[in-house]
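Student: Hi! I have a protein and its ligand on my screen, and I would like to learn how to read them. Could we go through the features one at a time?

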Amino acid sequence: MKIGITCYPTYGGSGVVATELGLELAQRGHEIHFISYAQPIRLTELHADIHYHEVDVSRYPLFDYPPYDLALATRMAEVSELYGLDLLHVHYAIPHSVSALLARQMLADKPKGQRLPFVTTLHGTDITLVGLDRSYLPITRFSIEHSDGVTAVSKYLQDRTRREFDVRNSIQVIYNFVNCDIYCRNAASAEQRAEYAREDERILVHLSNFRPVKRVTDTIEIFERVRKKLASKLLLIGDGPDRSRAEWLAVQKGIHNDVIFLGKQDQVSEKLALADVLLMPSELESFGLAALEGMACEVVPIATRVGGVPEVIEHGKSGYLADVGDVETMARYTIDLLTDAGRLKAMATTCREVARSRFGASKIIPQYEEFYRLTLERSS
Ligand code: GMT
């Protein structure tokens, strides 16, 4: 199949999923065309079956708000016509599904009338935060309802979209996935670990885009409590609006020498694999891709019982869950686990097994392929 993929190219779960999906599909013989305003961050290499088409947004002085969605629709239609795309797959409803809807109509209107069905994948904040803003809700609902196929990354998100958007079309759950060949521990992990921690120290990790919904300062609160009981280091991967608050909190608590801000990383898997425990104290996660990536690397997640997280982490088996803001309980789970080497090892093994068997790329990618096939069939 020839598939156009649009996503936010920046750091964020939806862009990561879209890029990794494109790479996996190309490996399985599909021709992939990424269409976005910048090359997706995880798209580090292009080859014969992976193309990138930049969307150029005109900066005319009259435009206080350059119309990216229109430029995107135009490029989607252009690329589809030039390369004969079979379908578009857009990640994150706003504004991508609206642009795809326009592109589909532009092509249908041509004398030869090319068909361009599109699939929208809902990732989370497009529904839970942005889409519920009254100014975006009607158009988001409209573009979801007019998509040829809709997927959501968890049952939670499927339910919430149905309930709050009252959409009439069906929404298929296709979970986030992880490539367990890339996300794993290896000999290099043990060597690299020494760069950040002594042998007697434990490593905790947090990975996010440091938006308020991630509650990054809770990771500092948890770590402070853990560090009182155990020699340990906290690695923070990523960057975003709440980074300086977290840095200040670490300084105020006098633990900054043990809190290492790594910033945005290209090789996230290598850094995750150094840790024992991953902290994900988010206010909300529709799935929690960071936890899954950690699990594949045998890093046990300590997270909040929110959104789709319980569909990924089974409390007491493949991690621990607590209420939002309950840093005491999350710290206690972390300390108990890190002081019980046998349990830590067993849980880390379970995490990897769950990541591989339920969310491995080889399990999830065929679900997308089948969904594309059905979508094409239905829209013909
Ligand atoms: O929260 C983020 O990291 C960004 C956001 C996005 O769409 O880029 O992530 C959402 O999509 C991820 C991939 O499907 C999910 O794993 C995250 O749980 C989800 N984030 C939230 O729901 C807050």
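Tutor: Gladly! Keep in mind that this is a predicted model. Let's begin at the ligand: a polar side-chain atom of H123 lies 2.6 Å from one of the ligand's oxygen atoms.

Student: Which backbone atoms lie by an oxygen atom of the ligand, for example in G13 or S286?

Tutor: For G13, a backbone N or O atom is 3.2 Å from a ligand oxygen. For S286, a polar backbone atom is 2.9 Å from an oxygen atom of the ligand. Taken alone, the ligand would expose 490 Å², and the protein buries 95% of that.

Student: How many residues surround the ligand, and which are the closest?

Tutor: There are 19 residues around the ligand, and the closest are S14, H123, N176, K214 and E285. You can also sort the shell by character: six residues are nonpolar, ten are polar and three are charged.

Student: Which helix gives the most to that shell?

Tutor: That is helix α1, residues 13-27, which contributes three residues. Then look at the domains: domain 1 (2-177 + 361-379) and domain 2 (187-359) each supply at least three residues to the shell around the ligand.

Student: Next, the sheets. How do I read one?

Tutor: The general idea is that strands of a sheet pair through backbone hydrogen bonds, either parallel or antiparallel. Here you can find an open sheet of seven strands with parallel pairing, in the order β3-β2-β1-β4-β5-β6-β7.

Student: Why is one side of β3 and of β7 left without a neighbour in the sheet?

Tutor: Strands β3 (50-54) and β7 (172-173) stand at the edges and have a single partner strand each, so one side of each has no neighbour in the sheet. For a pair inside the order, try β5 (residues 118-122) and β6 (residues 149-152), which run parallel and are joined by four bridges. In that pair, V119 stands opposite G149 of β6.

Student: What about the loop between β4 and α3, where Y92 sits?

Tutor: Two backbone details are worth a look. Y92 has a positive phi of about 85°, although it is not a glycine. P95 is also in the loop between β4 (87-91) and α3 (96-108), and the peptide bond from I94 to P95 is cis, with omega near -5°.

Student: Finally, how many helices and strands does the protein have?

Tutor: Count 15 helices and 13 strands. The radius of gyration is 21 Å, close to the 21 Å that the globule rule gives for 380 residues, so the protein is as compact as a globular protein of that length. Along the principal axes, its C-alpha atoms fill a box of roughly 70 × 45 × 40 Å.

Methods. Residues are numbered from 1 along each chain as its sequence is written. This is a predicted model: local features need pLDDT of at least 70, side-chain atom pairs count only at pLDDT 80 or more; totals for chains, interfaces and linings use all residues. Side-chain values use heavy atoms; hydrogens and water are left out. A residue is near a molecule or strand if one of its heavy atoms lies within 4 Å of it. A polar contact is a pair of N or O atoms within 3.5 Å; within protein, one must be able to donate a hydrogen and the other to accept it, and residues adjacent in sequence count only if both atoms are side-chain atoms. Accessible areas come from the Shrake-Rupley method with a 1.4 Å probe; for residues, only the protein chains shown count as cover. Helices (H or I, at least four residues) and strands (E, at least two) are DSSP runs, numbered from the N terminus. Ala, Val, Leu, Ile, Met, Phe, Trp, Tyr, Cys and Pro count as nonpolar, Asp, Glu, Lys and Arg as charged, and the others, Gly among them, as polar. Domain bounds come from an automatic or database domain assignment. Two strands pair if DSSP finds at least two bridges between them. The radius of gyration is taken over C-alpha atoms; the globule rule is 2.2 Å times the number of residues to the power 0.38.
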